[in-house]
Amino acid sequence: MQIDAIIELVKKIWGEEFIEKTVEEKDLSKEIESDSIEDKIYALQKMILDEDNYIDDPIDALNRIEKEIALLVARTHIENKIEEDVERYLEEKQEKFIDEIRLNIIKKQRGGENSKTIKKLEELQKLEKVKLSKSIMEIMRPARLNEIIGQDIAVKCILSKLASPYPQHILLYGPPGVGKTTAARLALDITKKIKYTPFRKNSPFIEVDGTTLRWDPREIMNPLLGSVHDPIYMGAKRDLAEGGIPEPKTGLVTDAHGGVLFIDEIGELDIMLQNKLLKVLEDKRVNFSSSYYDPDDENVPAYIKKLFNEGAPADFILIGATTRSPEEINPALRSRCMEVYFQPLSKKDIIQIVKNAAEKLKITMDENVPEIISQYTMEGRKAVNILADIYGYVVYNRGNDNINITEKDAFNALALSRLIPHCIKKAFNKKETGSIFGLGVNGFIGSTLEIEAVAFRNKNNDGKIRFNDTAGSMAKDSVFNASSVIRKIIDEDISAYDIHVNIVGGGNVDGPSAGAAITVAMLSAVTGKPVRQDVAVTGEISLTGNIKPVGGIIEKIHGAIQAGIKTVLIPEKNKKDIPSCVEGIEIIPVSHINEVLELVF
Ligand SMILES: Nc1ncnc2c1ncn2[C@@H]1O[C@H](COP(=O)(O)OP(=O)(O)OP(=O)(O)O)[C@@H](O)[C@H]1O
């Protein structure tokens, strides 16, 4: 009974086929069919325990067979359970995977959009339709080169350097808001149409402000030259990030390829970035590198391989603009560029700019309005801004039809903006002792310097000379040179006087160009001779009394005109710098202090 029960159990667990197969394989049919208990036990022992030794103790053998069956059943049960778990887990995973594939396909068909992103895009498109002040400035912006006023020479210079089979890099110097950007943009427009130049119809004009360009030494970001996006930390595209592939992002120099890169305020650009830019100018390419880049990785897209292997093209003409003086600009940059100077605008220029802008706005003005605006600024940009401001004032008060700006409108709008005339007439028709106008330049803007001196007898003959503490060392040297020259002229020891020289408004000046004016002021103080107050003098004084050349003549003459000066004395050697088109002022070149004295006393 026990044997039969075991055989039934085996059949249940492993099936009858298992019994038949094993019996056949192990040749046990005789034993299993036998009536002998020992034979049957022997057959079971061979089937289950795989032992074919003679059976001594049938009970023990049966017990061992049962134990083994119990073990096998338990193992099979556990194996089945694990198998079931694995199957369930796989099924779940597979379902999720298929869901993900479905989602991706849907996303691809939808193009990554959802209701939220679509709404955001609609909001942005709505914003694009709204335009405020930009459009009025665009309306007034010169559209042709001949609409750029007072810069004929600079415009011709830019064109001659750009409109050539071999265009050159250019640096534009000049005061702010006098048309540098406008001239560069229009010059490229014209040049594009000339066949022999390398520019094409679609050559880009990329404009950027040097003060806003940032970069970091690890080259994580560099909008000017481009940088490599790290696949892990910097969010390269997802497909690239997953494969650990770095992605070079090209910069503005590549955007400008085949055209012009215009950097406003180039003097403010970080000096290291300037040097890097110079390298690009030479190579006409930007190179990229990354320790993540593996040239043998087959998953790297061809464009990334090309960028890493060959770099990005960056063959462009650089036009940099600055309000700084040439000496303040990186010499390496200067040596690669041709230099063009924009002039300060005259009163006449500002009047014309305002008239042209009014025409573009399709409005009329009382005759004196442009002149009134010209009293408040020397900048073309500021002048059109003021006009836009007055225009807004009139529209607000009287509506938008048939606009005519009256003098009263102009004064009212100017008063509301708290603007004050930029130049108050300083010159007058009398003579004064110990006082003279010198001329200075700051950021391409010339102005008069009021220089005054007083002298007191010093009985002990140990007179001292005092000058503004804030003045620079070169200006201080001018005072000492002047005292030696005066000593020669008056033939008396200057130490017989305590002399105090002062630059009105603070002596934040430097350079030797006030030397001649300081000499006149000191001499007038010592001798008591009064000086003309409608004359201004510029020039360095040498110990022999010669008047040496100085810089910034054009700007100084403009500054003198603004102050109502009638005569300007400049060094003979600066004669070539006299601008051809100045009106309303007499300019006299002088070479020695004696000539100056004859004209100022
Ligand atoms: N010489 C000019 N002739 C006509 N319009 C001018 C002139 N200068 C300036 N403007 C007006 O001012 C606006 C700004 O000028 P623009 O940007 O060219 O000056 P900029 O010299 O480049 O100034 P910045 O150095 O401050 O950038 C022009 O769009 C134009 O309306």
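Which residues does lysine 556 touch, not counting residues up to four places away in sequence? I looked this up in the predicted model and found Leu439, Val441, Gly446 and Thr538.

**Entry 1. The annotated pair**

I came to lysine 556 through UniProt, where an unreviewed entry lists Ser513 and Lys556 under "active site". The two positions are spread over 44 residues of sequence, yet they cluster in space, with a largest C-alpha distance of 10.9 Å.

I placed lysine 556 in helix 21, which covers residues 553-562. I then asked whether lysine 556 counts as buried or exposed. The count is 29 C-beta neighbours inside 10 Å, and 20 or more are needed for burial, so lysine 556 is classed as buried.

For serine 513, I noted a position in the loop between strand 16 (497-503) and helix 20 (515-527). Serine 513 is also buried, because its C-beta count inside 10 Å is 29. Setting aside neighbours within four places in sequence, I recorded contacts of serine 513 with Thr538, Gly539, Glu540 and Val550. Thr538 appears in the contact list of serine 513 and again in that of lysine 556.

**Entry 2. The ligand shell**

I next examined the residues around the ligand, of which there are 22. Those that come nearest are Gly179, Lys180, Thr181, Thr182 and Gly380. Which elements give two or more residues to this shell? They are helix 9 (180-192) and helix 17 (380-398).

I sorted the shell by class and obtained nine nonpolar, eight polar and five charged residues. By domain, at least three shell residues come from domain 2 (151-341), and at least three from domain 3 (347-416).

**Entry 3. Two helices with little cover**

I turned to helix 5, residues 58-110, and compared its span with expectation. Its 53 residues reach 77 Å from first C-alpha to last, close to the 78 Å expected at 1.5 Å a residue. How many of the 53 residues of helix 5 are buried? I found one, and I therefore entered the helix as hardly covered, burial requiring 20 or more other C-beta atoms within 10 Å.

Helix 6, residues 115-129, gave a similar check of length: 15 residues reach 22 Å between the end C-alpha atoms, close to the expected 21 Å. None of the 15 residues of helix 6 is buried, so this helix lies largely in the open.

**Entry 4. Positive phi angles**

I looked for unusual backbone angles, since most residues other than glycine have a negative phi. Asparagine 402 has a positive phi of about 40° although it is not a glycine. I located asparagine 402 in the loop between helix 17 and strand 11 (404-405). Asparagine 402 is exposed, because 8 other C-beta atoms lie within 10 Å.

Aspartate 491 is a further non-glycine residue with a positive phi, near 55°. Where is aspartate 491 found? I placed it in the loop between helix 19 (473-490) and strand 16. Aspartate 491 counts as exposed, because it has 6 C-beta neighbours inside 10 Å.

**Entry 5. The chain as a whole**

I closed with totals. The chain has 22 helices and 22 strands. Of its 601 residues, 35% are buried. Among contacts with a separation of 6 or more, I noted that 72% are between residues 24 or more positions apart.

Terms used:
Residues are numbered from 1 along each chain as its sequence is written. This is a predicted model: local features need pLDDT of at least 70, side-chain atom pairs count only at pLDDT 80 or more; totals for chains, interfaces and linings use all residues. A residue is near a molecule or strand if its C-beta atom, placed from the backbone, lies within 6 Å of it. Helices (H or I, at least four residues) and strands (E, at least two) are DSSP runs, numbered from the N terminus. Ala, Val, Leu, Ile, Met, Phe, Trp, Tyr, Cys and Pro count as nonpolar, Asp, Glu, Lys and Arg as charged, and the others, Gly among them, as polar. Domain bounds come from an automatic or database domain assignment. UniProt positions are given in the numbering used here, feature names are shortened, and annotations may be inferred rather than shown by experiment. A residue is buried if 20 or more other C-beta atoms lie within 10 Å of its own, exposed if 12 or fewer, and partly exposed in between; C-beta atoms are placed from the backbone. Two residues are in contact if their C-beta atoms, placed from the backbone, lie within 7 Å. The expected span of a helix is 1.5 Å times one less than its number of residues.
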